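Here is a walk through one protein model with its ligand, taken a region at a time. Keep the viewer open and click along.

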Amino acid sequence: MGAPGSGKGTQSQRLVQRFGIPQISTGDLLRGAVARGTDYGKRAKAAMDSGQLVVDEIVLGIIRERLAERDAARGFILDGFPRNLAQAQALQKMLTGIGAALDAVVLFEVDYDEIIKRISGRRSCPQCARVFNSPASAPGDAPRCDQCADHPRLAQRPDDEESTVRRRLEVYERETRPLAQFYAAAGLLRTIDADAPVEEVTARLIGALSSVAAPAVSCSAPKT
Ligand code: AP5
């Protein structure tokens with residue numbers, strides 16, 4: 001967990017490579033549903049565009065479907081979920097139902113001025129969903145993905161406009177940040193200072209997880 005732009009997506013992608021388990025980002029899943037025009041997507045769009053939380057029923061439905069997919073059986077990294085107490089309690093029930101439990105909850109702390117700076121430069125690849133920080137150097141000169149074969153143009157998220165980002169930060173403070181206490185009480189919370197270069201944050205994150213997870217190269221499968 002962490003505020004918008006604190007680096008959850010960037011660091012989750014790095015954990016995927018290291019631990020060989022999938023990243024499950026409710027933001028990515030919801031954007032996918034919007035792009036495909038599904039029923040969930042149609043109902044989620046207005047809340048996302050205005051920087052509000054999507055209703056729990058939709059988010060929980062999406063998470064339930066995703067956790068049932070085969071690649072989640074060995075473990076997963078939740079990115080941006082849960083985001084309020086009701087979601088955290090529903091997650092607990094879902095995990096109990098599949099005989100799993102959270103190993104750790106990592107809270108990323110970043111100064112809000114830095115967050116505004118990061119988000120204004122964020123671009124992502126419409127094909128592989130990798131996140132970059134590379135604003136166009138000139139109008140019409142959109143940066144391209146260097147990871148996909150046909151190098152598609154990177155895109156800016158519609159909810160990354162500054163006033164919407166400020167609303168997302170307010171929603172985070174009101175709805176999501178209080179979950180830190182919930183997970184601290186459960187003994188799961190690891191807080192890291194994520195206001196540092198990407199590599200350094202990864203090192204701190206791996207350090208925070210060292211007691212609970214083994215890398216994919218190890219013989220022992222990581223716990224959920
Ligand atoms: P979501 O997509 O989850 O957005 P978010 O939580 O607001 O987080 P972001 O994706 O903006 O930031 P991030 O922390 O992943 O940072 P990133 O790594 O990209 O949710 C979008 C919307 O969907 C919500 O507003 C809501 O409407 C809905 N939604 C989602 N989940 C929901 C839920 N559970 N319940 C209800 N509604 C839900 O990094 C940001 C930028 O900074 C990038 O450009 C990156 O390259 C750069 N960067 C990263 N790390 C560093 C670093 N260390 N130094 C410098 N730059 C860095």
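Let's start with histidine 151. Its relative accessible area is 38%, so this residue counts as partly exposed. Histidine 151 sits in the loop that links strand 5 to helix 7 (162–176), and its phi is positive, about 45°, although the residue is not a glycine. Bear in mind throughout that this is a predicted model.

**Another positive phi, and a cis bond**

Alanine 129 also has a positive phi, near 70°, and is likewise a residue other than glycine. You'll find alanine 129 in the loop between strand 4 (122–124) and strand 5. With 33% relative accessibility, alanine 129 is classed as partly exposed.

Which way round is the peptide bond from phenylalanine 81 to proline 82, cis or trans? That bond is cis, and its omega is near 0°. Proline 82 belongs to the loop that runs between strand 2 (77–79) and helix 5 (85–97).

**Around the ligand**

Now for the ligand. There are 33 residues around the ligand, and those that come nearest are Thr10, Gln52, Arg83, Arg122 and Arg168. By type, this shell splits into 14 nonpolar, eleven polar and eight charged residues. Helix 1, helix 2, strand 5 and helix 9 (198–209) each put at least two residues into the shell. Which element gives the most? That would be helix 2, with four residues.

Three polar pairs are worth pulling up, one for each row below.

| Protein side | Ligand atom | Distance |
|---|---|---|
| Threonine 26, polar side-chain atom | nitrogen | 2.8 Å |
| Glycine 80, backbone N or O atom | nitrogen | 3.0 Å |
| Phenylalanine 132, polar backbone atom | oxygen | 2.8 Å |

How much of the ligand does the protein bury? On its own the ligand exposes 1,000 Å², and the protein buries 93% of that.

**The second largest pocket**

Next, the second largest pocket, which holds about 400 Å³ of space. Its lining is made of 18 residues, and Gln13, Gln23, Ala129, Arg130 and Val131 lie nearest the centre. Alanine 129, with its positive phi near 70°, is thus back in the picture as one of those residues nearest the centre.

Which elements supply at least two residues each to this lining? They are helix 1 (8–19), strand 1 (23–25), helix 2 (26–36) and strand 5 (131–133). Helix 1 gives the most here, with five residues. Helix 1, helix 2 and strand 5 are also named among the suppliers of the ligand shell. As for chemistry, the pocket lining divides into eight nonpolar, six polar and four charged residues.

**Helix 7 and what sits on it**

Back to helix 7, where you'll find glutamate 162. At 42% relative accessibility, glutamate 162 is partly exposed. Its side chain makes a polar contact of 2.8 Å with the side chain of arginine 166. Glutamate 162 and isoleucine 116 are 46 residues apart along the chain, yet their C-alpha atoms are separated by 7.3 Å.

Threonine 176 is in helix 7 too. Is threonine 176 buried or exposed? Threonine 176 is buried, because its relative accessible area is 4% and the cut-off for buried is under 20%. The C-alpha atoms of threonine 176 and alanine 72 are separated by 24 Å, with their positions 104 residues apart along the chain.

**Two alanines to finish**

Alanine 185 lies in helix 8 (residues 179–185). Its relative accessible area is 71%, so alanine 185 is exposed. From C-alpha to C-alpha, alanine 185 and alanine 33 are 34 Å apart in space, and they are 152 residues apart in sequence.

Alanine 196 is in the loop between strand 6 (189–193) and helix 9. What does its 17% relative accessibility make it, buried or exposed? Alanine 196 counts as buried, because 17% falls under the 20% cut-off. If you draw a line from alanine 196 to valine 212, the C-alpha atoms are 23 Å apart, for a sequence separation of 16 residues.

Notes. Residues are numbered from 1 along each chain as its sequence is written. This is a predicted model: local features need pLDDT of at least 70, side-chain atom pairs count only at pLDDT 80 or more; totals for chains, interfaces and linings use all residues. Side-chain values use heavy atoms; hydrogens and water are left out. On a 1 Å grid over the protein atoms alone, a cavity is a set of points where a 1.4 Å probe fits but cannot get out, and a pocket is an open set with protein on both sides within 12 Å along at least five of seven lines; lining residues have an atom within 4 Å of a point. Grid points are joined across faces, edges and corners, and a volume is the space filled by probe spheres set on the points. Ala, Val, Leu, Ile, Met, Phe, Trp, Tyr, Cys and Pro count as nonpolar, Asp, Glu, Lys and Arg as charged, and the others, Gly among them, as polar. A residue is near a molecule or strand if one of its heavy atoms lies within 4 Å of it. A polar contact is a pair of N or O atoms within 3.5 Å; within protein, one must be able to donate a hydrogen and the other to accept it, and residues adjacent in sequence count only if both atoms are side-chain atoms. Accessible areas come from the Shrake-Rupley method with a 1.4 Å probe; for residues, only the protein chains shown count as cover. Buried means under 20% relative accessible area, exposed over 50%, partly exposed in between (1.4 Å probe, protein chains only).
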